[in-house]
Amino acid sequence: TLETETGRVPDSLFTIGLSLCGRGDAGSGVSLVSAARRMYRESGVAEWALEQAVLGRVEKSARAALGDEGYETAVREGEALARDEAIELALSITPD
């Protein structure tokens, strides 16, 4: 599984989410990034300034793609994902 292979599920979900946003799948990307950020918070991991800068750019482009309501919905859906659900979503992504 993703967890046993890497040991760092939130890092993997965060990276996959950013990649999805970059390739135009803002909804799934934002959901995965939001799930990862929730896991970081729950583990007491702070966000670095670089991550915050990247997240600001991702949020801006995702809001443009999804609209404010769509973006907020994707964030809420991501934050609500259980760990296994987030992993399942990440593993369901197929390359273009």
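**Salt bridges and the largest pocket**

In this predicted model, E79 pairs with R41 in a salt bridge, and the closest N and O atoms of the two side chains are 3.6 Å apart. The contact links distant parts of the chain, as E79 belongs to helix α4 and R41 to helix α3, with their positions 38 residues apart in numbering. Both partners keep some access to the surface: E79 is partly exposed, at a relative accessible area of 33%, and R41 is likewise partly exposed, at 48%.

This pair is one of seven salt bridges in the structure. Another joins the side chains of E59 and R63, at 2.8 Å from N to O. Here both residues sit in helix α4, four residues apart, or about one turn of the helix. E59 counts as partly exposed, with 29% relative accessibility, and so does R63, with 21%. R63 also meets D68 in a salt bridge, this time at 3.2 Å from N to O. Taken together with E72, the residues E59, R63 and D68 are linked in a network of salt bridges.

Helices α3 and α4 come up again at the largest pocket, where they are the elements that give two or more residues to the lining. The volume of this pocket is about 170 Å³. Its lining comprises 13 residues, and those nearest the centre are V33, S34, R37, L55 and Y71. Helix α4 gives the most to the lining, with seven residues. By residue class, the lining holds six nonpolar, two polar and five charged residues.

Note on methods
Residues are numbered from 1 along each chain as its sequence is written. This is a predicted model: local features need pLDDT of at least 70, side-chain atom pairs count only at pLDDT 80 or more; totals for chains, interfaces and linings use all residues. Side-chain values use heavy atoms; hydrogens and water are left out. On a 1 Å grid over the protein atoms alone, a cavity is a set of points where a 1.4 Å probe fits but cannot get out, and a pocket is an open set with protein on both sides within 12 Å along at least five of seven lines; lining residues have an atom within 4 Å of a point. Grid points are joined across faces, edges and corners, and a volume is the space filled by probe spheres set on the points. Ala, Val, Leu, Ile, Met, Phe, Trp, Tyr, Cys and Pro count as nonpolar, Asp, Glu, Lys and Arg as charged, and the others, Gly among them, as polar. A salt bridge is a side-chain nitrogen of Lys or Arg within 4 Å of a carboxyl oxygen of Asp or Glu. Buried means under 20% relative accessible area, exposed over 50%, partly exposed in between (1.4 Å probe, protein chains only).
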